Amino acid sequence: MWLFLTSSMEILKFLAKGFEDVKPVIESLKSKGVTAIGAIGFCWGEVKIPLAILGAEIDQMSPPALLKPFEAILAAKPGVDAFVKIFPGVSNGWTVRYNIEDEAAVKAVEEDQNDALEWFAKFVK
């Protein structure tokens with residue numbers, strides 16, 4: 001799943017603060033021999049910026065049943081430009097792990113990339 005947020009000063013400040021806050025945690029883990037660290041983000045606030053969700057039909061972690069409700073929720077928020085799209089017949093990671101000889105897979109990847117580029121062109125200036 002691709003998730004795109006537009007750039008703004010508040011987002012950059014938030015990310016910079018988060019990066020600084022997590023440095024001691026990472027250093028502590030490294031000192032204990034940890035060599036790989038994973039992270040996941042959660043939204044604790046209201047969406048007030050453009051948001052694009054480009055999902056896969058065959059995805060155990062983010063199935064369409066989980067993603068589709070976002071479409072209605074975001075559509076109900078005036079002033080928030082949102083885009084939710086589920087690509088049929090593809091599985092998690094399809095945009096980077098696909099068979100180049102599979103015409104349907106190639107078409108889905110090209111469509112996803114075009115959607116992402118259009119989103120960036122519209123909101124990231």
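1. Let's start with glycine 93. This glycine is in the loop between E3 and H3, and with a relative accessible area of 15% it is buried. The cut-off for buried is under 20%, so glycine 93 makes it with its 15%. Along the chain, glycine 93 and isoleucine 58 are 35 residues apart, and their C-alpha atoms are separated by 10.0 Å. Keep in mind as you read on that this is a predicted model.

2. Now a step back to the whole chain. Its secondary structure comes to 3 helices and 3 strands. Starting at the N terminus, you'll meet them in the order β-α-β-α-β-α. Of the 125 residues, 26% count as buried. The chain exposes about 9200 Å², and 63% of that is supplied by carbon and sulfur atoms.

3. How do the contacts spread along the sequence? Take those between residues at least 6 apart in sequence: 73% of them join residues at least 24 apart. One pair of residues to look up for spacing is leucine 51 and valine 80, which are 29 residues apart in sequence, with 7.9 Å from C-alpha to C-alpha.

4. Strand E2 deserves a look of its own. It covers residues 51-58, and 6 of its 8 residues are buried, so the rest of the structure largely encloses this strand. Leucine 51 has its place in E2, and at 9% relative accessibility leucine 51 counts as buried.

5. Which strand does E2 pair with? Strand E3, residues 82-91, is joined to E2 by 7 bridges, and the two run parallel. Within that pairing, leucine 54 stands opposite lysine 85 of E3. To get from E2 to E3, the chain passes through helix H2 (residues 64-75), and this β-α-β crossover is right-handed.

6. On to the nonpolar cores. As a background point, nonpolar side chains in soluble globular proteins tend to be buried together. Here the largest nonpolar core has 8 residues: Leu54, Ala56, Phe87, Val90, Trp94, Ala108, Val109 and Ala116. E2, E3 and H3 are the elements that give two or more residues to this core, and the largest share, 3 residues, comes from H3. Note that Leu54 turns up in this core as well as opposite lysine 85 in the strand pairing.

7. Which residues does alanine 108 touch? Leaving out residues up to four places away in sequence, alanine 108 touches Phe87, Val90 and Trp94. Those three belong to the largest core too, as does Ala108. Apart from this core lies another one, of 6 residues, including Ile53, Leu67, Val84 and Ile86.

8. What about aromatic pairs? A search of the whole structure finds 1. Phenylalanine 83 and tryptophan 119 form it, and they are stacked, at 6.3 Å centre to centre with 20° between the planes. Planes under 30 degrees apart count as stacked, so the 20° here fits that label. The pair links distant parts of the chain, since phenylalanine 83 is in strand E3 and tryptophan 119 is in helix H3 (residues 103-123), 36 residues apart.

9. Last, are the two partners of that pair buried or exposed? Phenylalanine 83 is partly exposed, with a relative accessible area of 29%, whereas tryptophan 119 is buried at 8%. The line for buried is drawn at under 20%, and exposed means over 50%, so phenylalanine 83 with its 29% falls in between.

Conventions. Residues numbered from 1 in each chain as written. Predicted model: local features only at pLDDT ≥ 70, side-chain atom pairs only at ≥ 80, totals over all residues. Heavy atoms only, no water. Buried < 20%, exposed > 50% of the residue type's maximum accessible area, 1.4 Å probe, protein only. Helix = DSSP H or I, 4+ residues; strand = E, 2+ residues; numbered from the N terminus. Pairing = 2+ DSSP bridges. Right-handed = clockwise from strand over helix to strand, strands pointing away. Phe/Tyr/Trp six-rings, centres within 6.5 Å; stacked < 30°, edge-to-face > 60°. Core = buried A, V, L, I, M, F, W, Y, C linked by side-chain atoms within 4.5 Å. Contact = heavy atoms within 4.5 Å. Areas by Shrake-Rupley, 256 points an atom, 1.4 Å probe, with all protein chains shown as cover.
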